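Colleague: Got a minute to walk me through this one? I'd like to start with a single loop and work outwards.

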Amino acid sequence: MSGASRYRRLVLELFMNAADRRIVRSAAEFAALFGFDLIGVFVEDEGLLGLARLPFARELRLPTHQWAPLNTEQLALEFQHAAEEARRELDRVAEAFGISVSFEKVRGDPISTILEQIGPSDVLVIAQPTMPPRHLAQTFTRLGETAFRSRAGLMFLPLEASSQKGAVSVLIRDPSDPNLELAARLALALNEDLLVLLPESTGQVHHRALLERLSRFGIGAEKVRILMLPHINQVDLVRVLTENTARLLILSREMTGGDNLALVEAMAAFGVAVLVVEPQEEKP
Amino acid sequence: MAAATKTAMESTQMNQSITPLSKEQLYREAKLEGLSFETTADLAPLPLPDIQPELYQSRAYAAIQVGTEINAGGFNIFAVGSRAARIRQVVKSLLEKAAIHRPSPPDWVYVNNFIEPHRPIAIALPSGRAPAFKKAMQELIDDLKVSLPAIFESEDYQKRRGAIEAAVRKKHEAAFSALQEKAASKNIAILRTPMGFALAPLSNGKVVPPEEFQTWPEEKQQQTRVILEELEKDLEETLRSIPRLEKELRDAVRALDRETVQFAITHMIADIKAKFADIPKVVEHVERVRDDVLANVGLFVSPQGEGLEVTPLAARVGSPFDRYNVNVLVTQADHGDGAPVVEELHPTLSNLVGRIDYLSFQGALVTNFLLIRPGALHRANSGAILMDARALLSEPYSWVALKRALLQGHIAIEDIAKFLGLQTTLSLEPDPVPLDVKVVLYGERLLYYLLAALDPEFGQHFKILADFDDEIDRSPAAEALLARLIASIAVEEKLKPLDRGAVGRTIEYAARIAEDQKKLTLLVENIRDLIREADYWAGQEKREVVSRADVERALAEQIRRASRIRERSVEMILRDVALIETSGARVGQINGLSVITLGTYSFGRPSRITCRVRPGAGKIVDIEREVELGGPLHSKGVLILSGFLAGRYALDTPMSLSASLVFEQSYSGVEGDSASSAELYAILSALAEVPLRQDLAVTGSVNQHGLVQAIGGVNEKIEGFFDICKARGLSGTQGVLIPEYNVQHLMLRADVVEACAEGKFAIYPIKTIDEGIALLTGLPAGERGADGLYPAGSINRLVEDKLKLFAKVRRAARESTELGLEVNKSDKE
C-alpha cells in the first residue's frame, strides 16, 4: 500500500471543538471529501476532575461571569451533557454529509490522551477556535504544537474557508514525493485542478515525466498546473494559493522548511486548509 | 224633443266613420332614401362605438365636454342611460378624445423609508421616468453586489482588515498571554470547564491531585489559595475585556468598510444624482440609500444579508437588497401622450385604491413597500376613471372610499381587513398620493336618482349629469347613420355583409324596439345581437350575403326561443281553459289586453274583464285592488272611472252605483292603467245592458273626460290578440281598439299587417270613449241634447236611465229603512 492511501480516519477532539459547530461541520466536510470516517473523541480532563475534589475549587461560568463552586458530581454531570451534545452534533453532520462517524469518550490529559488515540491511518484535526474565550486555555495551541512535533497526520482547518471550491495543491520536494499521489487522488475525487508546487531548489523538473506520473493516477494534463517557487515562505505561498484559488494544501513537515508550524497556521489563517502528512513508503 | 236630441241612427253613422288603419299606418318601412348601396360592404363604416354623439346625444355630449373641461372639485360626471345603448363605450370614447389634449401625468413610485420602514415614501417623477429611476437603482445595487465583494476580497482591503484583526487579536492574546504567564509563573493552570474556566495549582506541570494538595503544609496551601484568588480576579477581568475588544474590532472593521465603500460608491451615487438632479426627492432618496449602504456593508459581502444591522421582519421578504429597490406604482412610460383614461370593471376597494399584499413568512404575514399595489385611482390619476355605478355600489366600502378620496384629494390605501378589525398584523402606512382625477360613473337612471335622493354627499361629488337618450328621431339621415352602424358591426364582428333588405329590416327592428315609427333605438347591443344571429342563419342557408329573410328568421327564432310561456298562454285560451271569446257579444264583458314581460321578452295577452252593477253608494269595487293584486296605477285608473261616471251621468242625482270589476282568471298582479278604457266599456255595457263585441279587444287608458290616452306595448298587445284570433280562424270582423295617439307607435308584425291589408283583421284608432263604445256595441254613444238628455236608444241614455233608476231604488230603500226605524221607535214608545 502506498502512502497515499493509508489514511482512513479524521480524528476530531470534541470537548474543545464540539461547541463550535463551524469546526465540526468543516471537519465533516473534509471527511466527506476525502472519503474518511470521522472519529469524535471526547476527552474528560482528569486534571479538572481532580481539581473539583479540592474544597476551594470554583469556576467562572460563562456567559454570566459568575463564580460557582466546582464539585465532582456537578462536573461529571456537565461533562456527560457536553459529551451527549457533542455526540448529537456528530450524528447531525454524519447525516448531513453522509459520512461514517464514531464517538469515543475517554478520560485523561486532553493533549496526551488525544495524541495517544492517533494511529498511522489517522489524521488529527487542528482547529483554532473562533470564540475568543476559548483561546484562554490555550489547549489548541499546545495541541497544535505537540501534534506538529509528532509524526501524526494533521489537518489544519482554516478559520474561514476562502472558497467552497478550488484547486487541490501539493508542495513536494520532487516528482517522486509520495504526497503527489495523495494530492492527485484527492483532486480526481473532487474533480478539481491539481496545483503542483515545487521549490526551485529542486532543479530542473521534467514536466512531461511529472505529467506522465500523474496520468498513471488518472489525472490528465489539462487538470494540472505546475509552479516553481523560488522560496518557501508564508508570503509566496499565500500569494500563489490565493491567486490559484486553492482550497487545500498538502505538504509534509519537511517542506515547511523544518518544523515550521507558523507557516502552516498562516495558510489556515488565509482560508486554505492544510493537510500535513508524512510520506511513508510502502513496506515490502 | 226629437229635434233637440240626435237620433241613435245619426250617432251610429258617426261611429261607423271610424275606419281601420291602413297598412302604411301599421308599419313604417325603412326607405333608405339617398343611400346608395347593394350591401353593407359598400358603406363606409362608422367607427364604433362613436355614433357621432355630438349629433345624436348632444345633451350628454355637451355635459361630458363641460365635465371634462372644468377642472374643479366635484365636477365629476354621472352618465345615465340604458346599458344596451353602449354608453360605456361612448363615454370612454369621448373621454379618450378629451384626454389626448391633457398633459401626461407624473409617474409615482414608492421607496423604502429607512427611518420608519412601515411608512414608505411616495415620490412623483415626471411622466415616464419612473422605470429609468428603478433601473438606475437596480444597476447601482447590481454593481455594488459585484464591486463591493471584489473590493472586500482585494489584497489591499484584506491586508488592512487583517492588520486590524491582528491588532485586536494581538490585544486578546497579549491579555491572555499575560494572564497565562502570570499563572504559569505561580504554578497555576487555566483550565477549560464545560461551563467556563477554572484555576488549578500545578505540580510538575500537572494539576495537583487533591491527595497531594492535602499533604502540603498549611502555609503553602494558604499561599496557593491567595494566589488563586488574585488570579481569579485577573481571569475575571481578562474575560470581561473580551466584549470590549470585540466591539473595538467591529467598530474598526466597520469604519474600514465604510471608508472603503464610500470611496467605491461615490461616483455611482453621483451618476444617479446627476441623472435625476431635477427631482429633489429622488436626490434625497439616493443620498439616504448611500447612507444605508454605508451602514450595512455586510449586506453586500455576506450571504443573505447577514451584515444587515437592523433586519425587521418585513425586510426579510424577498431579497435583502429589496430595501434599495423602487416600486413603480404607476408610469406613463408605455402610454402615449395625454392623460390616462382608465376603466375599472371590478371596482373592489383594493382594485380602486390599491392594496398591500402580504407574504407568509415563518407563520406570520409580512409585507414591505414593494408589495404595495396600485389601484385604478392611481392609474387614472390626472386623467379620468370610468366605472359602472352599479358595480361600484355593489362592492363593500368602495363607494365610501371613492368619496373620501375625492373629498381629501388624495389616495390612501385602505385595508378592508384592517377596517373590520380582522387583521392585526403590522402593516404599512404608505404616503398618500395626491389625487386629481375625473370620475365618470355610468348606470341606469334609477341609480342616479336614488343616489341623489339618499346620499347627501352625492351632489357634492357628481355635479355633471350626462343623460343619454335611448333613441333618436327617425329621419333619412338617421336611417343612413344606422345603416353605417350596421355596416360597422358587420365589419367589427367579421360577419357577412347585409343586403339592402336586411339593413332595412334591421332599421325597422330598431323602430320596433323604440316602439315608435318616428324613432330609432340607440340600444346598439340589441341590433348587434340581431345581426350576429342573422349572419348565422344566412350561413345555414349557404348565403354569402345576409338577406331580409335572414333577419326575419333571426327575429322569429329569438321569439321562438323565448316564447314557451306565450305558447302555453295561447294554448290555454284555445283550449278554453282561460276563457277568451273572439266572436259574439256579451253584456258587461270585454277583452282587455295586457303585456307580460319575461326577461328580455314581452308578449301581449288578452284578458277577460267583467263588470256587474247594482244600486249602491257610488262605489266601483276594483276586485284586483281589494285582494291586493292591483297595483297603484291600476287602482288609479279604476278610480278615474268613478270621476268619469259622476261627471257625465245623472248630474242631478247622487251616484247610486255599485259596480264590481275584475280581471277574470288573473292570478297574479295587475299594474298599469292601460285597461281602464276597457273597464269603462264593461261598466257602460253592464249599466246599459247592451252586449259588447267579443271579436274586438281593447287597450287604452281613459281620463275623467272620456278621452282615450296612449299606452305602452301597443304592438305586443295587438299581436297577442291577433294570435288568438288567427289560431281560431280570422273572421274578418276581429280587431283591436287602440288609442289614436298610439298609431304613431305601431310597428306590427308582418302577418298582422298582412291580415289587416287583406281586411281579415282591423286596428281601430280611438280618441274617445264614445267612439269606442259605439264600435263595441254597434249603438251610438249619443250626445246630450239641448234638452239635457241623451238620444233615446243611445248607450249614454241607457246608462243614465239606469243610474237614475239605481238612485231611485236606493232612495226608496233608504226611505223604507228610515220608516222602519220610525215604526220601531213608535212601538217602543
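**A chat about the model**

Modeller: Sure. Let's start with S382(B), which sits in the loop between α13 (376-380) and β13 (384-388) of chain B. Keep in mind that this is a predicted model.

Colleague: What's the phi of S382(B) like?

Modeller: Positive, about 70 degrees, although S382(B) is not a glycine.

Colleague: And is S382(B) buried or exposed?

Modeller: Buried. Its relative accessible area is 18%, and the cut-off for buried is under 20%.

Colleague: Which loop holds E689(B)?

Modeller: E689(B) is in the loop between α26 (676-688) and β25 (691-693) of chain B. E689(B) isn't a glycine either, and has a positive phi of about 55 degrees.

Colleague: Buried or exposed, that E689(B)?

Modeller: Exposed, with a relative accessibility of 52%. The line for exposed is drawn at over 50%.

Colleague: OK, helices now. Which residues of α23 in chain B are buried?

Modeller: In α23(B), residues 564-574, they are R566(B), S569(B), V570(B) and I573(B). Looking down the axis of α23(B), these buried residues fall within an arc of 95 degrees, so they line one face of the helix.

Colleague: What covers the buried residues of α23(B)?

Modeller: The cover includes β22 (601-615) and α27 (714-728), both of chain B.

Colleague: And what follows α23(B)?

Modeller: D576(B), with a positive phi near 60 degrees.

Colleague: How about α28 in chain B, which residues are buried there?

Modeller: α28(B) runs over residues 750-757, and V752(B), V753(B), A755(B) and C756(B) are buried. Around the axis they cover an arc of only 160 degrees, which puts them on the same side of α28(B).

Colleague: What do the buried residues of α28(B) pack against?

Modeller: Against α2 (23-26), α27 and β30 (762-766) of chain B. So α27(B) turns up again: it is part of the cover for the buried residues of α23(B) and a packing partner for those of α28(B).

Colleague: Which residue follows α28(B)?

Modeller: G759(B) follows, and its phi is positive, near 75 degrees.

Colleague: One more local thing. Where is L523(B)?

Modeller: L523(B) is in the loop between β19 (519-521) and α21 (524-540) of chain B. Its relative accessibility is 13%, and L523(B) counts as buried. From C-alpha to C-alpha, L523(B) and E471(B) are 7.5 Å apart in space, with their places 52 residues apart in sequence.

Colleague: Zooming out, how many helices and strands are there in chain B?

Modeller: Chain B has 30 helices and 30 strands. Its radius of gyration is 47 Å, well over the 28 Å that the globule rule gives for 829 residues, so chain B is more spread out than a compact globule.

Colleague: What box do the C-alpha atoms of chain B fill?

Modeller: Roughly 165 × 95 × 50 Å, along the principal axes. Buried residues make up 50% of the 829 residues of chain B.

Colleague: And the charges of chain B, how are their mean positions placed?

Modeller: The means of the 99 positive and 114 negative charges are 2 Å apart.

Colleague: Now chain A. How many helices and strands there?

Modeller: Chain A has 10 helices and 12 strands, and 55% of its 284 residues count as buried. It exposes about 12,300 Å², of which carbon and sulfur atoms supply 50%.

Note on methods
Residues numbered from 1 in each chain as written. Chains lettered and ligands numbered in written order. Predicted model: local features only at pLDDT ≥ 70, side-chain atom pairs only at ≥ 80, totals over all residues. Heavy atoms only, no water. Buried < 20%, exposed > 50% of the residue type's maximum accessible area, 1.4 Å probe, protein only. Helix = DSSP H or I, 4+ residues; strand = E, 2+ residues; numbered from the N terminus. Arc of directions from axis to C-beta. Contact = heavy atoms within 4.5 Å. Rg over C-alpha atoms; globule rule 2.2 N^0.38 Å. Lys, Arg positive; Asp, Glu negative; His and termini not counted. Charge placed at Lys NZ, Arg CZ, Asp CG, Glu CD. Areas by Shrake-Rupley, 256 points an atom, 1.4 Å probe, with all protein chains shown as cover.
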